[in-house]
Every structure is written in C-alpha cells, then in structure tokens.
Amino acid sequence: MGFLRQTNTERKPAQSGDPIETLRTNILFSLPAGAEAKCIGFASACDGDGKSTVLCKTAESFAASGKKVLVIECDLGHPSIAAQYGIEPCPGLTNLLVGESKVKGTIRRIEHIGMDLIPAGTPSPNPIELLRAEQFAVLLDELKKYYDYIFLEMPSGASMKEDVVLADRMDGVLVVVRHNKTLYQKVDELILNLRAAQAKLLGIVYNNPEQER
C-alpha cells in the first residue's frame with residue numbers, strides 16, 4: 001500500500017495540477033473491476049486528520065465529472081459533514097436505520113455541487129450496533145442502484161477499531177493522515193485492523209504536506 005497523493009486541502013479545486021483531481025484519477029485506477037456502483041470508505045487514525053474535508057473534496061470532484069455521487073456520514077460519534085454544507089443533521093442515517101424515516105426523507109440534495117448527502121441523524125447511544133445491523137447492508141445495496149459512487153465517512157479516533165464494521169462492505173478504503181499531527185503508531189494500528197477485516201486498502205492520503213510546522 002502506497003501514497004496515492006500528498007493532498008493539500010487548502011488548494012482550490014480549479015487550480016492547475018490540483019491534488020484532489022489527481023487523487024480522483026488514482027482512485028479510478030485503483031478500484032477493482034466489477035459493478036458500476038462503488039462504495040469507498042475514508043478512514044483516519046485520529047480525530048482532526050482532515051478525513052471529512054478530503055472526503056468532501058473528493059466527492060465534489062467526482063460529481064463535477066458528471067458522476068452520480070452520494071456521501072454518507074457514518075462517523076456517528078463525531079459527524080461534521082452536514083455542518084460543512086449548512087445542512088440540518090436530522091433526520092439522517094440513524095433515523096433511517098431505526099425505521100423513523102424513509103430514504104427519500106433523509107437524502108439531501110446539495111444543488112450547487114450536484115451531489116447528495118445522508119447526514120448522521122439523531123445521536124444514538126449505540127451507533128456501532130446500528131452500523132452492524134443488516135439494515136445498513138440492505139440500505140447500501142439499494143442505494144447502489146441509483147449512484148455511481150458512494151463515499152462513506154468511517155469512524156475514527158477512539159472508535160477506529162470499529163472500522164471493521166464497514167470494511168467488508170467497501171470496494172476500497174483510503175486512510176487519511178495529517179502532516180505533523182497523526183501518530184505513526186495509530187496509523188499502524190488502524191491499518192492492521194483494516195487488514196484483519198480484509199479491507200481493500202487503496203492507499204494513504206497524506207494531508208496538508210505543505211502546512212508550516
């Protein structure tokens with residue numbers, strides 16, 4: 001497993017030689033052949049590594065290329081994506097999985113980007129159990145009928161051992177690490193956990209390499 005791209009998320013997508021565009025190309029060549037719909041997980045060893053930012057910029061890049069894109073907030077303990085787009089978090093994934101909401105009522109359209117989002121939803125006392133439930137696997141299978149790419153924000157930090165809950169449902173997993181912040185030992189532990197779960201590791205995104213020390 002190598003570095004797919006050193007990605008500075010502060011750079012604008014329109015900039016020539018943009019690393020997010022290069023990351024998108026590398027993802028396309030790294031994914032296994034097969035079904036058209038692809039589920040790609042974004043994992044990180046520590047909170048604050050920039051996982052959600054890298055995920056969102058990557059998803060936006062795919063949407064800009066004309067693909068049907070859906071983002072799902074699965075880091076139920078520390079959701080942040082809905083807030084980035086100014087979207088209410090409820091109803092969302094947790095509400096959908098416990099039967100309080102329908103799929104149509106949880107998907108939010110981000111018009112100016114051209115992609116969809118399922119936010120985390122109402123905080124749950126047992127978020128990992130919800131992700132383990134068969135309903136989540138059924139939901140992904142159903143959503144694959146309507147989207148080209150589904151990007152999932154996986155649990156991180158103290159919950160990173162629970163990445164194994166989602167690993168076998170992904171077509172590929174990217175690990176996001178941050179310059180001068182992420183601990184090597186934590187990354188090593190995360191990768192061991194993902195490999196033990198037989199995750200399809202696509203590579204490591206080295207975030208903000210140009211950031212000042």
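**Notebook: burial and aromatic rings**

I began with burial: 52% of the chain's 213 residues count as buried. A reminder to myself that this is a predicted model.

Next I looked up the secondary structure, and the chain has nine helices and eight strands.

Then I turned to contacts. Taking those between residues at least 6 apart in sequence, I found that 78% join residues at least 24 apart.

For the surface, I noted an accessible area of about 10,200 Å² for the chain. Carbon and sulfur atoms account for 49% of that area.

On to the aromatic rings, where I was curious: how many aromatic pairs are there? The count is four.

I picked out Phe-42 and Phe-151 for a closer look. Their ring centres are 6.1 Å apart and the planes make an angle of 55 degrees. I logged this pair as tilted, because that angle falls between the 30 degrees of the stacked cut-off and the 60 degrees of the edge-to-face one.

Where do Phe-42 and Phe-151 lie? I found Phe-42 in strand β2 (residues 38-44) and Phe-151 in strand β6 (residues 149-153). The two parts are 109 residues apart in sequence, so this pair ties together distant stretches of the chain.

Are these two rings' residues buried or exposed? Phe-42 has 0% relative accessibility, so I put it down as buried. Phe-151 is buried too, with a relative accessible area of 0%.

Last entry for today: I traced one aromatic cluster, formed by Phe-42, Phe-62, Tyr-149 and Phe-151. The tilted pair of Phe-42 and Phe-151 thus sits within that cluster.

Note on methods. Residues numbered from 1 in each chain as written. Predicted model: local features only at pLDDT ≥ 70, side-chain atom pairs only at ≥ 80, totals over all residues. Heavy atoms only, no water. Helix = DSSP H or I, 4+ residues; strand = E, 2+ residues; numbered from the N terminus. Buried < 20%, exposed > 50% of the residue type's maximum accessible area, 1.4 Å probe, protein only. Contact = heavy atoms within 4.5 Å. Areas by Shrake-Rupley, 256 points an atom, 1.4 Å probe, with all protein chains shown as cover. Phe/Tyr/Trp six-rings, centres within 6.5 Å; stacked < 30°, edge-to-face > 60°.
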